[in-house]
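Colleague: Could you walk me through this model? I would like to start with the ligand site.

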Amino acid sequence: FDQLRATDPEIAGVVLGELDRLRGGLQLIASENLTSPAVLAALGSTLTNKYAEGYPGRRYYGGCAEVDRAEEIGIARAKELFGAEHANLQPHSGASANLAAYAALVQPGDTVLAMDLPHGGHLTHGSRVNFSGKWFHTVGYTVRRDTELIDYDEVRDLALAHRPKMIICGATAYPRLIDFARFREIADEVGAYLMVDAAHFIGLVAGKAVPSPVPHADVVCLTTHKVLRGPRGGMILCRESLAQRIDKAVFPFTQGGPLMHVVAAKAVALREAAQPEFRAYAERVVANARALAAGLDDEGMRPVSGGTDTHLALVDLREVGVTGADAEARCDAAGITLNKNAIPYDPQKPMVASGIRVGTPSVTTQGMREPEMRQVASLIARAVRTDPAAPGGADTLAGLAGEVAELVAAFPAYPR
Ligand code: PLP
């Protein structure tokens, strides 16, 4: 770091500023986590220099013996950890992994059945502003109004009516378990591929805190930087019969040279995720999310679907009378980082939204448990209800930021 400071004080300042932000506040973005020093070391290594187009043993460049080892080790660890027949560690991100899965399984113009974005789906599940919505005919399924759970009968009806080539399940803002076996049945009934986008919850699968989609899916796409606590990136698991198609769809179809420092860091994260401590961590992430959701419920902030089985809760703020955008800004002023989020059947525009999403991967990495989640719920509730424009509002938020700083000081991110 001293070298960075000497060469580029401006960027060194950004790095330090971000570290201060992480240390000084509550990190509740459900898709983020705090990577280990070992993962950071691999990311900041000379492997970033290496061009390695192709796959281990079949590269288009010389000098790949060392990076081949990193990728082979990573692939073996991924297969072992997830019980998968094949793993591809090269996708640069979750969206790149999804693009490759589309490329491998469907043709432009084909019909894809996936979860609607306002109900929890991801941009790559058919949004009109994304390749998935522009190049494919997407049919969206929703959650039920009464239970706010996936309506499997609707999924089946839509599948029978539209005969999709691929069905996607897995979401960005769905707090409940997904019945992968039921999706498999529906996919088989109409002869569709089943792609599970496990980006959000794959870390819970690694820690055995939730059921695995791997036995049910043709292809599982994931990100390595969420609960899994690895570097920013993507990965694909699949059956051996699809291995070649997936590999070719990643390289050369959608990507060029892999980021070998990231591939190595993914291997490190997979090793960490295979340790018994990671199992305990994954269980705590879920227990903490449940406690946080229950705490927010007690504060009059309703968790969508009544609670959570995973690492995240989606909270409906309509009863509180504060929009998601205002809640996000107020929490920000109190040192609490979270995001506004659409709730199912949301009357607001996405940039305003009626809800917030909270997740427990980072605070659990910091060592917080259920009692702290009760405190966090109270801090969020007080921040959300404080209008900064009202008399004394800004002071109240500053006071809450002080309480937040006191709480996180006992659970430091990246201890000094
Ligand atoms: N799929 C899902 C379900 C996601 O939630 C996300 C990101 O949050 C992605 C894919 C995309 O991942 P990335 O941001 O790495 O492209």
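Colleague: Which helix gives the largest share of the shell around the ligand?

Modeller: Happy to help! This is a predicted model, where local features need pLDDT of at least 70, side-chain atom pairs count only at pLDDT 80 or more, and totals for chains, interfaces and linings use all residues. Residues are numbered from 1 along each chain as its sequence is written. Three residues of the shell (C-beta atom, placed from the backbone, within 6 Å of the ligand) come from one helix (a DSSP run of H or I, at least four residues), and this largest share belongs to α5, residues 94-105.

Colleague: Which residues come nearest to the ligand?

Modeller: The ligand has 15 residues around it. Those that come nearest are S93, G94, A95, T172 and A199.

Colleague: Why does K226 count as buried?

Modeller: K226 lies in the loop between β9 (219-223) and β10 (234-238), strands being DSSP runs of E with at least two residues. A residue is buried if 20 or more other C-beta atoms, placed from the backbone, lie within 10 Å of its own. K226 is buried because the number of other C-beta atoms within 10 Å is 26.

Colleague: At what angle do α5 and α10 pack?

Modeller: In α5, S96, L99, A100, A103 and A104 meet R245, I246, A249, V250, F253 and T254 of α10 (C-beta atoms, placed from the backbone, within 7 Å). The axes, lines fitted to C-alpha atoms over the stretch in contact, with angles from 0 to 180 degrees between N-to-C directions, are 8 Å apart. The helices pack at about 115°.

Note on methods. A residue is buried if 20 or more other C-beta atoms lie within 10 Å of its own, exposed if 12 or fewer, and partly exposed in between; C-beta atoms are placed from the backbone. Two residues are in contact if their C-beta atoms, placed from the backbone, lie within 7 Å.
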